Structure formats: C-alpha cells, structure tokens
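Grab a pencil and open the viewer: here are a few exercises, each with a solution worked in steps. Try each one yourself before reading on.

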Amino acid sequence: MIAEIPSVASRAFEDNVHFYFDRAAAHCRHPRDLLNVIRACHAVYAFEFPVRNAEGEIRMIKGWRAEHSRHKLPVKGGIRYSAAVDESEVKALAALMTYKCAIVDVPFGGAKGAVQVDPRSCSPEFLERITRRYTYELAHRNLIGPAVDVPAPDVGTGAREMAWIADTYASLHPGELNTAACVTGKPVTVGGIRGRTEATGRGLVYALSEACADAADMRARGLSTGLDGKRVIVQGIGNVGFYAAKFCRESGARVVAIAVPEGAIYDPRGLDEEAVVEHRRRTKSILGFPGATSMARATDALELDGDVLVPAALENQLTAANAPQIKARIILEGANGPTTPEADDIFLERGALVVPDIYANAGGVTVSYFEWLKNLAHVRFGRLGNSNEEAVVNAGLQQTMAAAYRDIREALRRRPELRDLRTAAFACAIDKVARTYLEMGIFP
Ligand code: NAD
C-alpha cells in the first residue's frame with residue numbers, strides 16, 4: 001500500500017523516510033512481513049549522563065544511538081551534535097544509513113547517534129568531556145566496536161571528536177589490536193584515511209557528473225551534458241557544503257550562491273568557497289562578502305536562477321512552501337532528508353531531476369568503509385605498492401558512485417513505474433537488504 005501524503009506542511013523527518021520507503025516497497029515483490037522487518041528501527045538506546053562544565057556545575061546531557069538494522073555487522077552511522085536533535089530524528093537518520101550502505105555495497109547495517117548539545121556554545125574542553133563520556137556510555141552497552149557499531153562524523157562533529165572517541169575506546173579496551181577501527185573520520189595521524197574529510201562532497205560531485213553525463217536526462221531538462229558552466233547554489237558551508245562547492249568549482253561549474261543561517265551571498269560570476277569561509281571566519285558573517293550581493297534571508301538564495309541546487313545543511317529544507325519557486329533543474333541532496341514528499345512531487349511535476357540523499361551523499365560512508373578496512377589491515381593503502389593512498393581512495397569512491405548510479409538509473413529505465421531516482425534507489429536498497437534476510441534467515 002502506498003501511504004497517502006499527510007496534509008500537514010512540515011511532517012516529522014521519520015515519517016518522510018517511512019513514506020519514501022513505503023512508496024518504493026509497493027513496487028518490490030517481497031512479502032509484507034519481510035518489508036516490515038526491513039523498515040523497522042530495531043533498537044534505540046537513550047541515555048542521560050552527567051558532565052561537569054567549566055564553572056564546575058554538573059549538567060545532564062541527553063544522548064542516543066539508534067541501530068536501525070543489523071542485517072550486516074558492524075552497523076555504521078554518524079554522530080550528530082545539535083541542541084535540536086531528538087530521538088525521532090536519530091531513528092530517521094539511522095534508517096537512511098541502512099539504505100545508503102546497501103546502495104553503495106558497503107557491507108554494514110545502518111545506525112546513527114546524537115548528543116543534544118549546541119557545540120558552538122561549548123568550550124573545546126567541555127565538548128571533549130561530553131564526547132568521552134558519550135563514548136563510555138556506548139562502550140558500556142556494547143554499542144561501539146570494530147565488529148559491532150562504528151560511528152563517524154555528522155552535523156556538529158568532525159575529525160577532532162572522532163579522535164577523542166578512538167582514544168577513549170582504546171583506553172577502555174587495553175591490549176585490543178583493532179581499536180582504531182571503532183570509529184571512522186579520524187585525523188590521519190590517529191588512523192584516519194586520506195580523503196575521508198572531503199569524501200561526502202567529492203562523492204556528491206561524482207554523483208552529479210554521472211547524472212549530467214546522461215544526454216537524454218539533460219536534454220529533457222534543457223541542460224547540456226557535463227558540469228562545465230553549470231550554475232550551482234549551495235545551502236550550508238560545513239563539511240559537506242564546503243567540499244561540494246570546492247569540487248564543483250574545480251570541475252568547471254560555477255558556485256553562484258551560498259546560503260548559511262545568517263543569510264546568503266550571490267555572485268553570478270562564481271564564488272570561491274575558501275575565500276567565503278575565510279571572510280565568514282574573520283567577520284563572523286557571510287554577509288558583506290566583497291563583490292557579491294548579500295541577502296539577509298538565506299532561504300531566498302534557494303530560489304535564485306541556477307542549474308543545480310545542493311541542499312547541504314539539514315532535513316526538511318525543500319518543502320511545499322518553497323519548491324514551486326525553486327528554478328534549479330537538478331537537486332543534488334548533500335544533506336540527509338532535505339526534501340519533503342510534497343516538494344519531491346513538485347520537483348517531479350516540474351521535470352527537475354532529484355539525485356537522492358541515500359545515493360548522492362553516500363561518499364562519506366564509502367570512504368569510512370575504506371578507513372575501517374585500513375584500520376583492520378594495519379597498513380596504509382598503496383604502502384605495499386607504489387600508489388598513493390588518496391589516489392586509491394578517490395578512484396574507489398569514483399567507481400562506487402558510478403556503479404551505484406548505473407544500478408539506480410537502470411532500475412528506473414527497466415521499471416518506469418518507480419517514477420524517479422529516489423524511489424528507484426529505495427527499491428534497489430530494499431531488494432538488497434531483503435536478499436540478505438532471505439539468504440541468512442532470522443534467528444532465533
Ligand atoms: P556541518 O555541521 O559540518 O555543517 C552544517 C552546515 O549547515 C553549517 O555550515 C551550518 O551553518 C549550516 N546550516 C544549518 N542550518 C542552516 C540553514 N537553515 N540554512 C543554511 N545553512 C544552514 O555538517 P555536515 O557534516 O556538513 O552535514 C550536513 C548534512 O549532510 C547533514 O544533513 C548530514 O547528515 C549530511 N551528511 C553528512 C556527511 C558527512 O560525512 N559529514 C555524510 C552524509 C551526509
């Protein structure tokens with residue numbers, strides 16, 4: 001049964017993920033009970049733990065880890081630090097991880113973690129104490145480890161937090177050989193892999209190249225093939241947005257607008273993301289960037305004239321309210337869940353190509369998989385030959401993104417009833433997870 005889209009304008013992110021799943025599942029020939037196994041979030045752990053702040057006061061901090069599917073182990077998914085995060089959001093993100101790993105053939109189940117804290121309002125020392133205590137809470141419950149559950153960065157976290165996690169886990173498991181593989185996205189000096197920091201943004205641009213290489217798909221949207229000269233609008237200039245902008249620019253596209261919470265800037269001649277970030281660091285705002293038009297309402301930038309829109313901030317950004325005004329012909333989903341089902345329908349009706357999150361931003365988890373392999377092998381890729389690690393990683397990433405696009409595009413060509421790339425991607429993921437369950441069985 002295809003679920004009806006509820007009429008509420010902004011629904012929970014988790015409902016949206018279920019909606020997309022159900023829409024694809026209706027086209028998959030699997031029994032309903034098996035589909036229910038795949039769709040359900042198998043475990044959510046919620047904890048509250050005390051941490052002392054700089055003033056010596058004890059604060060209770062909320063944390064979660066959701067393990068959506070253990071059909072393959074370890075499970076994998078980032079850790080989000082945000083004041084607004086809640087359990088439902090963590091479950092939605094964990095579900096997307098299951099489907100994402102299946103699409104890019106990364107042999108992991110899906111998971112996600114979160115801590116309810118605004119990292120911008122915390123000192124590094126307080127954040128370190130929170131991160132180490134959160135890791136302890138996970139370790140204590142067997143929710144982290146190279147063979148069970150391997151976190152990574154997400155919104156509000158990065159290599160620094162991953163290093164603290166790896167160090168805490170290693171301290172709690174003295175004598176274990178493979179502790180570095182308990183988390184990915186670490187600095188290279190702590191067992192990370194070259195290319196992981198850039199991987200999600202780089203993967204997005206590989207995904208865009210695949211989409212733009214299809215002459216018929218481009219012609220249908222009045223676009224030429226290739227990235228050259230494409231006008232790109234980026235929302236969010238954190239890890240994903242920054243590297244998406246950088247690799248778009250380096251591939252010949254023009255980043256004409258960048259939107260962040262305090263506003264947006266627009267320059268049809270193209271923006272240099274490094275200079276923009278430097279200006280924002282110095283002046284504490286993106287507004288006033290030399291040579292660009294400043295816009296106080298960040299959301300206005302999404303509706304500017306452009307060919308590609310890259311939402312790379314948060315979920316539920318493209319909705320029924322702004323989708324009709326969005327001019328971009330390609331929506332490249334860097335963020336998880338940026339498009340609501342209502343907006344998704346509007347894009348389809350207007351002939352825009354949506355390259356969906358569960359495929360488009362899978363570059364991060366792909367290179368995290370390479371990092372995990374490196375940690376288990378205890379050797380840098382290329383060390384036993386004469387290639388360089390970054391080149392090996394980027395080639396592996398490119399092949400992965402190209403192969404997954406072919407699978408999804410081919411599924412849509414073969415089964416036009418799947419209607420769009422998102423539904424086709426979900427259907428591919430469902431088929432792969434279903435096959436694992438059918439072959440493996442259910443125990444006990
Ligand atoms: P980040 O914390 O590095 O950056 C998030 C950025 O979004 C920040 O620049 C923030 O200012 C901006 N932002 C927040 N609200 C905004 C708004 N309303 N308008 C404009 N900008 C806004 O996080 P990230 O790692 O870049 O993650 C961004 C998205 O990509 C999330 O949805 C995340 O789940 C997804 N993602 C991240 C990775 C990864 O490897 N880091 C992988 C896959 C998907």
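**Exercise 1. Find how many cavities of 30 Å³ or more the whole structure holds, then describe the lining of the largest cavity.**

Solution. Keep in mind that this is a predicted model.

- Step 1: Search the whole structure, and one cavity of 30 Å³ or more turns up. The volume of the largest cavity is about 70 Å³.
- Step 2: List the lining. The residues are Phe13, Asn16, Val17, Tyr20, Leu96, Asn316, Gly337, Thr339, Asp357, Arg422 and Phe426.
- Step 3: Map these onto the helices. At least two lining residues come from each of α1 (13-25) and α14 (421-440). With four residues, α1 gives the largest share of the lining.
- Step 4: Sort by class. You should get five nonpolar, four polar and two charged residues, counting Tyr as nonpolar and Gly as polar.

**Exercise 2. Work out which residues come nearest to the ligand, and which elements supply the shell around the ligand.**

Solution.

- Step 1: Start with the neighbours, taking a heavy atom within 4 Å as the cut-off. There are 23 residues around the ligand, and Asp154, Thr200, Asn239, Val240 and Asn336 come nearest.
- Step 2: Look for polar side-chain atoms facing ligand oxygens. For Thr200, such an atom sits 2.8 Å from an oxygen atom of the ligand. Asn336 also places a polar side-chain atom 2.8 Å from a ligand oxygen atom, and for Arg80 the distance from a polar side-chain atom to an oxygen atom of the ligand is 2.9 Å.
- Step 3: Check the cover. On its own the ligand has 830 Å² of accessible area, and the protein covers 84% of that.
- Step 4: Assign the shell to elements. α6 (196-213), α8 (239-250) and β7 (254-260) supply at least two residues each.
- Step 5: Sort the shell by class: ten nonpolar, ten polar and three charged residues.

**Exercise 3. Count the salt bridges in the structure, then locate the partner of Asp22.**

Solution.

- Step 1: Count them up, and you reach 39 salt bridges.
- Step 2: Zoom in on Asp22. Its salt-bridge partner is Arg39, with 2.8 Å between the closest N and O atoms.
- Step 3: Place both ends on the chain. Asp22 belongs to helix α1 and Arg39 to helix α2 (residues 32-39), so-called distant parts of the chain, 17 residues apart.

**Exercise 4. Hunt for unusual backbone: where do the cis peptide bonds at Pro74 and Pro444 sit, and what is the sign of phi at Asn142?**

Solution.

- Step 1: Recall the background. Most peptide bonds are trans, and most residues other than glycine have a negative phi.
- Step 2: Check omega from Leu73 to Pro74. This peptide bond is cis, with omega near 0°, and Pro74 is in the loop between β2 (58-69) and β3 (75-81).
- Step 3: Move on to Phe443 and Pro444. They are joined by a cis peptide bond with omega about -5°, and Pro444 is in the segment after α14.
- Step 4: Finish with phi. Asn142 has a positive value, near 60°, though the residue is not glycine. You'll find Asn142 in the loop between α4 (124-140) and β5 (149-153).

Note on methods:
Residues are numbered from 1 along each chain as its sequence is written. This is a predicted model: local features need pLDDT of at least 70, side-chain atom pairs count only at pLDDT 80 or more; totals for chains, interfaces and linings use all residues. Side-chain values use heavy atoms; hydrogens and water are left out. On a 1 Å grid over the protein atoms alone, a cavity is a set of points where a 1.4 Å probe fits but cannot get out, and a pocket is an open set with protein on both sides within 12 Å along at least five of seven lines; lining residues have an atom within 4 Å of a point. Grid points are joined across faces, edges and corners, and a volume is the space filled by probe spheres set on the points. A polar contact is a pair of N or O atoms within 3.5 Å; within protein, one must be able to donate a hydrogen and the other to accept it, and residues adjacent in sequence count only if both atoms are side-chain atoms. Accessible areas come from the Shrake-Rupley method with a 1.4 Å probe; for residues, only the protein chains shown count as cover. A salt bridge is a side-chain nitrogen of Lys or Arg within 4 Å of a carboxyl oxygen of Asp or Glu.
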